[in-house]
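Student: I am new to this structure and would like a close look at a single part of it. Please go through one residue and its surroundings.

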Amino acid sequence: MAVGSRPVGSGPERRLRPIDDDLVGHHLRDCGPIVPLDRPDELGALLTPFLSADLTK
């Protein structure tokens, strides 16, 4: 998972896309650069399903 915010936007996803076939990317708008501090609830909402996903599919 790649999560971008201000000022990098979707940069993390763009940089990782060429090396990861199964990348999940998100861009949290109106969020400062330290996502866990600036938007902890939104980050948790993204991480919970991602971390609980069945990777054996």
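Student: Is Ser 5 buried or exposed?

Tutor: This is a predicted model, in which local features need pLDDT of at least 70 and side-chain atom pairs count only at pLDDT 80 or more, while totals for chains, interfaces and linings use all residues. Residues are numbered from 1 along each chain as its sequence is written, and side-chain values use heavy atoms, with hydrogens and water left out.

Ser 5 is buried, because its relative accessible area is 4%; buried means under 20%, exposed over 50%, and partly exposed in between, with a 1.4 Å probe and protein chains only. Ser 5 sits in the loop between strand S1 (2-4) and helix H1 (11-16). Helices (H or I, at least four residues) and strands (E, at least two) are DSSP runs, numbered from the N terminus.

A polar atom of the Ser 5 side chain lies 2.8 Å from the backbone oxygen of Gly 32. Gly 32 is also one of the residues in contact with Ser 5 (heavy atoms within 4.5 Å) once neighbours within four places in sequence are left aside; the others are His 27, Leu 28, Cys 31, Pro 33 and Val 35.

Leu 28, Cys 31 and Val 35 also belong to the largest nonpolar core, of five residues, together with Leu 43 and Leu 46. Such a core is a set of buried Ala, Val, Leu, Ile, Met, Phe, Trp, Tyr and Cys residues joined through side-chain atoms within 4.5 Å. Apart from residues up to four places away in sequence, Cys 31 touches Ser 5, Arg 6, Asp 38 and Arg 39.

How values were computed
Polar contact = N/O pair within 3.5 Å; in protein donor to acceptor, adjacent residues only side chain to side chain.
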